[in-house]
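Subject: The structure I promised you

Hi,

Here is the structure we talked about, ready for you to open and turn around. Have a look at it first, then read on.

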Amino acid sequence: MRLTRHGGQAARLDGGPDPLPARALRHELLLVLGVSLGASAIRALVSFTGVLTRPGGLSDHAANLNSSRAPDRPWLDLAWQLVGIGTALVPVALVAHLLLREYGYRGGGMRLIGFDTTRTRFDLAWGAVVAAGIGGSGLALYLGAHAAGANLTVVPESLPDVWWKYPVLIASAVQNSVLEEVIVVGFLLRRLDQLGWSPLGALTASALLRGTYHLYQGIGGFFGNVAMGVIFVWLYRRWGRVMPLVVAHALIDIVAFVGYGLLAGRVGWLPTA
């Protein structure tokens with residue numbers, strides 16, 4: 001097949017992308033994971049080991065998700081929160097660059113994994129349906145695991161009661177959903193497919209990675225997120241789009257973060273630190 005040069009990259013005359021070497025694909029995948037969720041998985045494993053080796057059971061310890069960086073200085077605290085949210089999304093920008101480069105900057109990009117606005121109604125509707133199903137079962141699993149001593153007490157937020165509290169919690173939820181679904185579903189599966197992994201192997205890798213970087217929450221957090229990972233990979237294979245999963249994940253986290261802020265200490269069934 002004849003090749004031409006476009007922007008310094010080989011490209012086929014039929015308009016399709018020239019496949020990247022397997023070595024380059026592996027390096028890209030490892031680097032993206034190394035600056036994002038792969039590193040988070042390692043930190044979560046170390047954190048979980050530390051909790052296991054401390055006195056007391058898992059439920060005697062807390063996992064704080066959105067905490068204050070400067071409790072007595074609300075504007076500085078807000079700046080820290082926004083910096084944290086913004087920098088956490090840099091790996092997503094890296095993924096967008098790598099996917100765009102596959103086509104020599106002539107197309108492709110995030111639409112290759114269905115992260116776009118071409119099917120907004122579909123994404124919102126199915127995202128809400130998935131969130132309702134997984135959110136309810138996830139809460140039940142967490143409460144059961146916590147009661148059994150298999151999970152830490154998850155504290156979704158401990159921000160001061162200031163005007164920006166809930167907007168920041170919503171922004172944090174959206175950031176989590178974009179980062180996780182773009183990388184652990186869209187990008188990871190695309191690269192593993194290109195490297196010749198079987199669908200079952202790619203599903204297992206994605207689900208285990210999701211469970212591992214949630215291991216800081218405890219055993220219940222690990223298995224619950226592995227199950228969520230299996231469902232999300234299956235849905236992604238079915239739809240070919242990551243956006244409904246981003247919507248679902250964002251809704252689940254928004255309800256968890258905002259709901260905890262409104263209900264903590266006011267209802268008896270919700271564990272608090």
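Below is what I found in it, starting with the charged pairs.

One thing to keep in mind: this is a predicted model.

**Salt bridges**

Side chains of opposite charge can pair when their charged atoms come close. How many salt bridges does the structure hold? There are ten, and three of them make a good tour.

Start with E28 and R101, whose closest N and O atoms are 2.0 Å apart. This pair links distant parts of the chain, with E28 in helix α1 (residues 22-34) and R101 in helix α4 (residues 90-101), 73 residues apart. The two ends sit in different surroundings: E28 is buried, with a relative accessible area of 6%, while R101 is partly exposed at 28%.

Next, find D116 and R241, which form a salt bridge with 2.8 Å between the closest N and O atoms. D116 is in the loop between α4 and α5, and R241 is in the loop between α8 (219-239) and α9 (243-263), so the pair ties together parts that are 125 residues apart in sequence. Buried or exposed? Both D116 and R241 are buried.

The third pair is R210 with E180, which meet at 3.7 Å, N to O. Here R210 comes from helix α7 (residues 199-212) and E180 from helix α6, 30 residues apart. R210 is buried with a relative accessible area of 0%, and E180 is buried too, at 8%. Some salt bridges also share partners: E28, R101, E102, R190 and R191 are joined into one network that way.

**Inside helix α6**

Stay in α6 for a moment and look for E181, which is in this helix. E181 is buried, with a relative accessible area of 0%. What does E181 contact, leaving aside its neighbours within four places in sequence? Its contacts are G186, R210, M228, F232, V242, L245, V246 and H249, so you can click through them one by one.

I183 is in α6 as well, and its relative accessible area is also 0%, so I183 counts as buried, the cut-off being under 20%. Not counting residues up to four places away in sequence, I183 touches V32, L33, S36, L37, P91, V95 and L188. Try the distance tool on the C-alpha atoms of I183 and S206: they are 23 residues apart along the chain and separated by 9.4 Å.

**Helix α3 and its buried face**

Helix α3 (residues 74-88) has 15 residues and reaches 21 Å from its first C-alpha to its last, close to the 21 Å expected at 1.5 Å a residue. Which residues of α3 are buried? They are D77, L78, Q81 and I85. Seen down the axis of α3, the buried residues fall within an arc of 100 degrees, so they line one face of the helix. That face packs against β3 (62-67) and α6 (165-194).

**Out at the surface**

Finally, turn to helix α5 (residues 120-147), where you will find L139. L139 is partly exposed, with a relative accessible area of 37%. Together with L262, L263 and W269, L139 forms a nonpolar patch on the surface, with about 370 Å² of accessible area together.

G133 is in α5 too, and G133 is partly exposed at 46%. The C-alpha atoms of G133 and I252 are separated by 9.8 Å, although the two residues are 119 apart along the chain.

Have fun exploring!

Methods
Residues numbered from 1 in each chain as written. Predicted model: local features only at pLDDT ≥ 70, side-chain atom pairs only at ≥ 80, totals over all residues. Heavy atoms only, no water. Patch = residues over 30% accessible without salt bridge, like charges linked within 9 Å, V, L, I, M, F, W, Y side chains within 5 Å. Areas by Shrake-Rupley, 256 points an atom, 1.4 Å probe, with all protein chains shown as cover. Salt bridge = Lys/Arg side-chain N within 4 Å of Asp/Glu carboxyl O. Helix = DSSP H or I, 4+ residues; strand = E, 2+ residues; numbered from the N terminus. Buried < 20%, exposed > 50% of the residue type's maximum accessible area, 1.4 Å probe, protein only. Expected span 1.5 Å × (residues − 1). Arc of directions from axis to C-beta. Contact = heavy atoms within 4.5 Å.
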